[in-house]
Structures are given as C-alpha cells and as structure tokens.
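Reader: I would like a close look at a single part of this protein. Please keep it brisk, then set that part in its surroundings.

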Amino acid sequence: MFVSRAKVYNFRNLSDQEVTLSPGAVFITGLNGNGKTNLLEAIYLLSGSRSFRTNSASELPRFGGKECSVFGTVSHKHGTEELGLIFSAGERSAQLNGNPLPSIAELLGRLRAVSFSPADLQLVKGSPSNRRKFLDRHMVDLNPSYLQTLMSYQKALASKSALLKQQGTSYQQLLPWNELLADYGGKVVDNRLNFLASLRDRAASFHQEYAPSDGILELSLESDLVRDGQTPKEALLEQLERAAPREIAFKSPTVGPHRDDLKVSIAGVDCRAYASQGQTRSVVLSMKLGVIDLIEGQTGEAPVVLLDDVDSELDAGRSERLFSALLSKPRQLIVTGTAAPSGKITEAPDLQVLRVEHGVVAEVKTSV
C-alpha cells in the first residue's frame, strides 16, 4: 500500500500543489515552519482519521481561509483509487474517484497509515484518553466496522449524560440507556481485548530488541468490565445498575469503557508513572512497530508509515534499530527532518528526497 500522489488546496501553509511520491522511502527536509509536517499531516488525513496534531478541523485551512482540501492517489492490493477530503465551515466530506461519499467512514481501510511524532511520547505518560484513542484508532484499521460500534456507544453515552443532568432523573429512566450501553460497551471491550491479545506479543518482541535489559513489556486492559465468568456485556450491566444512585447524585456517568485504560508495564513496573524518558521512547516505538506488524499480518499488506522528526527524540542507537526494522520489508516510509538524510535511511533503495521551502515542495535531484 502506498500513496503515489498528494494534492493540497489551501491547506495549512502549503502552496496549492501536487506532489509525486515514491512507493518506497521518502525523506522530506526543510527548516522548521516551512511545511514538512503539514505535508505529512495531509497524507495521514486521507486514511479517514483525525489529524495526529489537532482535533479541530478549523485549524487546517490556510490562515484566514475557511476551507481546504486534500486529495491522493492510493495503490493497494485491490487496485488504485483517488481519495479526497474537503474541509469547509467546520465540516468534513469525502470523495472516492471523484464521487462524493456518504460519510468519512467510507474512506476507512482504503489507506492505512501509522504515524510517529514527538507527541506520541504522551501515549505512555499522558492521559488515559490518549491510550484509548491509540487502541481504537488501530482497531478501526483492522476492522472499519468497529467504528460504528464505538460511535453507537458514544451516542448512547451522550444521551445518558444529558438525561443525568436533568432534575429528578430516576433509575427507570436510565434503564433503557443502560441496556444500550451494556450492549455496545460490551462489544467495545470485547474488541479491545481481542486487539490487545494480538498486539501484546508483537510489541513485547520489538521491545526485547530495543531494550533487552529493561525487562518484558506487558500491555493489558484496565477495565471494570474484565471479570472471570462474565461477558463484558453482563459485567457492564451489573456495574451500571450498582452505579445508578451515584451517577444520579453526581449527574454524570461513572462506569463504562469510556473510562478504560491501557496498562503499560515493564517487568511489572507501571510505565505510566515510573518509566524514564528513554524507557518511554522504547515502549512507544515497540507499540507502534507492533501495530505495523499486526496490520501486515492481518491484512496482507503494509500500511504507510509516517515519521515526523523522530530523530529529534531518538538517540543514534534507537534510531538505527527503528529504521532497520522499518526498512526490513517493502513498505512506503515517509520521513521528515531538518537536515539532509543520514544514517540508516540513506541505505533505502531509490530513496526520494523532497525539500519544502515556504510551503513549496520540490524534489532534490542530487544523490545522498
């Protein structure tokens, strides 16, 4: 799977242009603020996901603008498709081969992309919501229909939250929503448990390569619903019934997979509280490489891998091991950096080098 062409209009600080990309390794260089990450972000958006930088679509148009668009040609094992995203007045719309799609969800699975950026260090040390998003984002890569289950749960949760904020809400009024939440929420937890069962050994294996002296990396789901002898749906309904008086008193939902967390530990020690910066970097890289390996194993093709300025966060040893792993198989690897490419990335066959200056992307013809 690879993106052969990306076209942007009024997007961030990029000039309106079309960029041709190699199906292998691409290195994008340029000074900070010139648009390297913006190009990476545009490509990532074509996967149908939210930006890895912001949750607000209003930040995507060029300063002073109200709309922007991103288009791309994607090749995969089923053929070649033209994907498009249009952002206007805070709304998103999608196109496939020039035709409007009923929803952004229709893009899911047509381009799978895994990104690395300095902000990913918050995956370990940040809030539980970061870790839930990590799980759900890549679960959708493997099973696009999971998004509908997750959205159904979130809609039911929002309706229950609104009801709880009203005066005089009774348990009987909550019961229909609790039954819906138990159904959808049970499926969410089931999916998260199955995903982790496939990911944990892969991530642990990569971690042994990165930091063999640190101990075994362990990933597990922290959830009130993981109980022996009960399905998540049964466990959630029981928890919701017990929590009803407290939820009515606090006027807020207190139980459900929206409170789940991903426990990350090394040799039994909780990384969320005790990991060093170096350990955190190794853990994040191992989790991301595990996801790439899992996607390849279950879909039969490699996702596009986007690396934003990772050399600024990695020492030479970790950087070399990362690129050795990523270059060990054919895959499109798009990397940004402020200097010319160096180290392991220069060993990639037919490396393409692009330079971004003041929002304009141009290919560097000289060899590296």
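Leaving aside its neighbours within four places in sequence, which residues is T280 in contact with?

Author: A note before the contacts: this is a predicted model. T280 is in contact with L121, V124, K125 and A275. That list leaves out the neighbours within four places in sequence.

Now the site itself. T280 lies in helix 8, which covers residues 277-299. Its relative accessible area is 1%. The cut-off for buried is under 20%, so T280 counts as buried.

Next, a second buried residue. F134 is found in helix 3, residues 128-142. F134 has a relative accessible area of 5%, so this residue is buried as well. Beyond four places in sequence, F134 touches L123, L199, L262, M287 and V291. M287 and V291 carry numbers that fall within residues 277-299, the span of helix 8. F134 and D260 are 126 residues apart in sequence. In space, their C-alpha atoms are 12 Å apart.

Then the nonpolar cores. The largest nonpolar core has 64 residues. Those with the most contacts inside this core are F116, L219, L307 and L322. Helix 5, residues 171-210, gives the largest share, ten residues. Apart from this core lies another, of 39 residues. Among its members are F11, I43, C68 and V304.

L322 deserves its own entry. L322 touches F116, Y210, L285, L289, L307, V310 and L314. Residues up to four places away in sequence are not counted there. Two of these partners, F116 and L307, are also among the residues with the most contacts inside the largest core.

Two cysteines come next. C68 is buried, at a relative accessible area of 1%. C271 counts as buried too, at 3% relative accessibility. The structure holds zero disulfides.

Now the sheet. Six strands form an open sheet in the order 2-1-4-5-6-7, with antiparallel pairing. Strand 2 and strand 7 (99-100) are the edge strands, and each pairs on one side only. Strands of a sheet pair through backbone hydrogen bonds.

Start at the strand 2 edge. Strand 2 spans residues 17-20. Its covered face holds Q17 and V19. Its uncovered face holds E18 and T20. Strand 1, residues 2-9, runs antiparallel to strand 2, and four bridges join the two. The bridge partner of A6 in strand 2 is V19. V19 is on the covered face.

Further into the order, strand 4 covers residues 67-76 and strand 5 covers residues 79-88. The two pair in the antiparallel sense over ten bridges. E67 of strand 4 stands opposite S88 in strand 5.

Last, the whole protein. There are nine helices and 15 strands. Of the 368 residues, 52% count as buried. For contacts with a separation of 6 or more, 68% come from residues 24 or more positions apart. A compact globule with 368 residues would have a radius of gyration near 21 Å; the protein has 22 Å, which agrees. Along the principal axes, the C-alpha atoms fill a box of roughly 70 × 50 × 35 Å. The accessible surface comes to about 16,400 Å². Carbon and sulfur atoms account for 50% of that surface.

Back to the starting point: T280, in helix 8, is buried and in contact with L121, V124, K125 and A275.

Conventions
Residues are numbered from 1 along each chain as its sequence is written. This is a predicted model: local features need pLDDT of at least 70, side-chain atom pairs count only at pLDDT 80 or more; totals for chains, interfaces and linings use all residues. Side-chain values use heavy atoms; hydrogens and water are left out. A disulfide is a pair of cysteine sulfur atoms within 2.5 Å. Buried means under 20% relative accessible area, exposed over 50%, partly exposed in between (1.4 Å probe, protein chains only). Two strands pair if DSSP finds at least two bridges between them. Contact means heavy atoms within 4.5 Å. The radius of gyration is taken over C-alpha atoms; the globule rule is 2.2 Å times the number of residues to the power 0.38. Accessible areas come from the Shrake-Rupley method with a 1.4 Å probe; for residues, only the protein chains shown count as cover. A nonpolar core is a set of buried Ala, Val, Leu, Ile, Met, Phe, Trp, Tyr and Cys residues joined through side-chain atoms within 4.5 Å.
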